[in-house]
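Here is a short report on one protein model. Look over the sequence and the structure first, then read on.

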Amino acid sequence: MNDVRGFCEPGFSAVREALAALLGKDDVGASAAVYIDGEPVVDLWGGYADADRSVGWESDTLTGVNSTTKNMTALCALILADRGELDLSAPVAAYWPEFAAAGKEKVLVRHVLSHTAGLPDLSGLTAVEELYDWEKVTAGLAAQATAWEPGTAAGYHALTFGFLVGEIVRRVTGRGLGEFFAEEVAGPLGADFHIGLSDDHDRRVAPLIPPPSLTDEYAAEAPPRPDGTRRENTGAAIRVKDANSAPWRRAQIPAVNGFGNARSVALVQSVLANQGSAGGVRLLSAQGCEPAWQEVFRGDDRVLGTPMSWTAGFGKFGDTFGWGGWGGSLVVNDPGSHMTVAYVMNQMIDRDRQQDDRGMEIVMAAYSGLR
C-alpha cells in the first residue's frame, strides 16, 4: 500500500511523489508534513502501522519519534525564557539548588540546551527501567560531576538532555515537562503530540520496526567515529523492544519518548519558524524564537564524533535548525522561508548498514515547492 492519502497543495506535489516512492521502497508506514507561515500546505500519510502490513497507517496514527522529541522539549524552555521566567544565561542551580553539587555552580541553562554542560551520560545507569524513575535520575544528575568544563566542549546529551531541561522546567513551573508541554503547547495548538503517552492512545500507536535483518533487540548507540571506533556505552542500551513497551510510553523521558506524526511535529515546530505563532495561536514572541537558531557552540562533538553547530536546543545546519530521531524521523525549520518540514515513520534504518536519506528527500521535495 504505497497509496498516499491526505492533502498537498499543487506546488508541493513533489512531496507526495517522494513519500510514495519511499513507501514503495524502504518504508512500511510514514507521514510527511510541510507548514508555511504556520499553516499546513502538505499533510500526507500512507502505508501500514505494523510489520505484518495488516493495519493501515491512518491520519491519526502515532509513533515514537525518539530524539525528534528534543525539539519539543527545547521549545518549552524557550517559551519560559520568552516569558521572563527562565534566564538562559543563569546558572542551572539558580532554579535547581541541588544541582550545584560536585562543582557544577557554573553550568548555565544554555549549556544544558546546547549539549555543552558536560553531562552526556547517566552515571550508574544499568537498566532501562531506571529511566522511569524521574526523582532518582534527576538526583543522580544533580550529584554528578561534569566530564569537561561547561561551555568549552560539546557532547550530545542523548538521554540527559530531557531530564536536565525537564527538571529545570519543573523547578520553574511546578509541572513535569510532559504536563507543561500538553498544557502550554499541544493544547493551545491542537497538536496531537505527547511526551509520555496515556493508555487511551495505545490503539493508535504504530510500533517501531527494527531495521531490515535485525530484531527488536537492536539498540541505540553513538555512531562510529571517523576512525571506525565507537564511544563506550556507559549506561543501559535502549532497544527497539523497550521503545515499543507500555512502560516506555507511560514514562517521562523528554529527550526521546515523544509520540506523534509528521502533522503534529510540523505544527508544533512551525511556531519557531513562523516568529512564534502557528494557526493563529501565539506561543512566544518573534524575538523569543531567535535562540533556536543562534549558535552557542561550533566544533567537534565528543559523542557524535562529527563537527556540529548547536544552538539553544537544536542542531544548526546552514540557515536551518532542527533535529532527528533514532531510526529516521526528522524535523527541519527554516525561519527565512517560515517553513517547517517533518517526516515520521515506523520502519527504522540502521545507518551503519544503510544510508538513510528518507527525511532529507522529503525536505528537498518541500524546497522545490518554494521555487
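## A buried asparagine

Asn 257 is buried, because its relative accessible area is 0% and the cut-off for buried is under 20%. The model is a predicted one. Asn 257 sits in a loop. That loop runs between helix 8 (246–250) and strand 6 (258–260).

What lies 2.9 Å from a polar atom of the side chain of Asn 257? The backbone oxygen of Trp 248 does. Trp 248 also appears among the contacts of Asn 257 beyond four places in sequence. The others are Thr 69, His 194, Ile 195, Gly 196, Arg 249, Ala 251 and Gln 252.

## Helix 2 against helix 5

Two packed helices are described by the angle between their axes and the distance between the axes. Helix 2 covers residues 69–82, and helix 5 covers residues 160–173. Their axes are 10 Å apart. The packing angle is about 30 degrees. That makes helix 2 roughly parallel to helix 5, because angles under 35 degrees count as roughly parallel. The crossing of helix 2 and helix 5 is left-handed.

Which residues make the contact? Helix 2 supplies Lys 70, Thr 73, Ala 74, Ala 77 and Leu 80. Helix 5 supplies Phe 161, Val 165, Val 169, Val 172 and Thr 173. By class, the residues of this contact are seven nonpolar, two polar and one charged.

## Helix 2 against helix 6

Helix 2 also packs with helix 6 (residues 177–189), and here the axes come within 10 Å. They cross at roughly 70 degrees. Helix 2 and helix 6 are therefore roughly perpendicular to each other, since that term covers 65 to 115 degrees. Helix 2 passes helix 6 in a crossing that is left-handed.

On the helix 2 side, the contact involves Met 72, Thr 73, Leu 75, Cys 76, Ile 79 and Leu 80. On the helix 6 side, Leu 177, Phe 180, Phe 181 and Val 185 take part. How do the residues of this contact of helix 2 with helix 6 divide, and how many are nonpolar, polar and charged? Nine are nonpolar, one is polar and none is charged.

## Helix 6 against helix 9

Helix 6 has a further partner in helix 9 (residues 262–273). The two axes come within 10 Å. They cross at roughly 95 degrees. Helix 6 and helix 9 are therefore roughly perpendicular to each other.

Phe 181, Val 185 and Leu 189 of helix 6 make the contact with Leu 267, Val 268 and Val 271 of helix 9. The class count for helix 6 with helix 9 is six nonpolar, no polar and no charged residues.

## The loop after helix 6

Gly 190 lies in the loop between helix 6 and strand 5. Is Gly 190 buried or exposed? Gly 190 counts as exposed because its relative accessibility is 61% and the cut-off for exposed is over 50%.

Gly 190 and Val 268 are 78 residues apart in sequence. Their C-alpha atoms are 9.2 Å apart in space. Val 268 is one of the helix 9 residues in the contact with helix 6.

## An arginine and its contacts

Arg 239 is in the loop between strand 5 (194–195) and helix 7 (240–243). Arg 239 counts as partly exposed, because its relative accessibility is 25%. The side chain of Arg 239 makes a polar contact with the side chain of Glu 217, at 3.4 Å.

Beyond four places in sequence, Arg 239 is in contact with Asp 216, Glu 217, Tyr 218, Ala 219 and Trp 326. Ala 220 is 19 residues from Arg 239 along the chain. The C-alpha atoms of Ala 220 and Arg 239 are separated by 6.4 Å.

## Two positive phi values

Arg 53 is not a glycine, yet its phi is positive, near 55 degrees. Arg 53 is in the loop between strand 3 (39–47) and strand 4 (63–64). With a relative accessible area of 41%, Arg 53 is partly exposed.

Ala 102 is not a glycine either, and has a positive phi of about 60 degrees. Where is Ala 102 found? Ala 102 is in the loop between helix 2 and helix 3 (109–113). At 45% relative accessibility, Ala 102 is partly exposed.

Key: Residues are numbered from 1 along each chain as its sequence is written. This is a predicted model: local features need pLDDT of at least 70, side-chain atom pairs count only at pLDDT 80 or more; totals for chains, interfaces and linings use all residues. Side-chain values use heavy atoms; hydrogens and water are left out. Helices (H or I, at least four residues) and strands (E, at least two) are DSSP runs, numbered from the N terminus. Buried means under 20% relative accessible area, exposed over 50%, partly exposed in between (1.4 Å probe, protein chains only). A polar contact is a pair of N or O atoms within 3.5 Å; within protein, one must be able to donate a hydrogen and the other to accept it, and residues adjacent in sequence count only if both atoms are side-chain atoms. Contact means heavy atoms within 4.5 Å. Axes are lines fitted to C-alpha atoms, for helices over the stretch in contact, and angles run from 0 to 180 degrees between N-to-C directions. Angles under 35 degrees count as roughly parallel, over 145 as roughly antiparallel, 65 to 115 as roughly perpendicular and the rest as oblique. A crossing is left-handed if the near helix is turned anticlockwise from the far one by less than a right angle, and right-handed if clockwise. Ala, Val, Leu, Ile, Met, Phe, Trp, Tyr, Cys and Pro count as nonpolar, Asp, Glu, Lys and Arg as charged, and the others, Gly among them, as polar.
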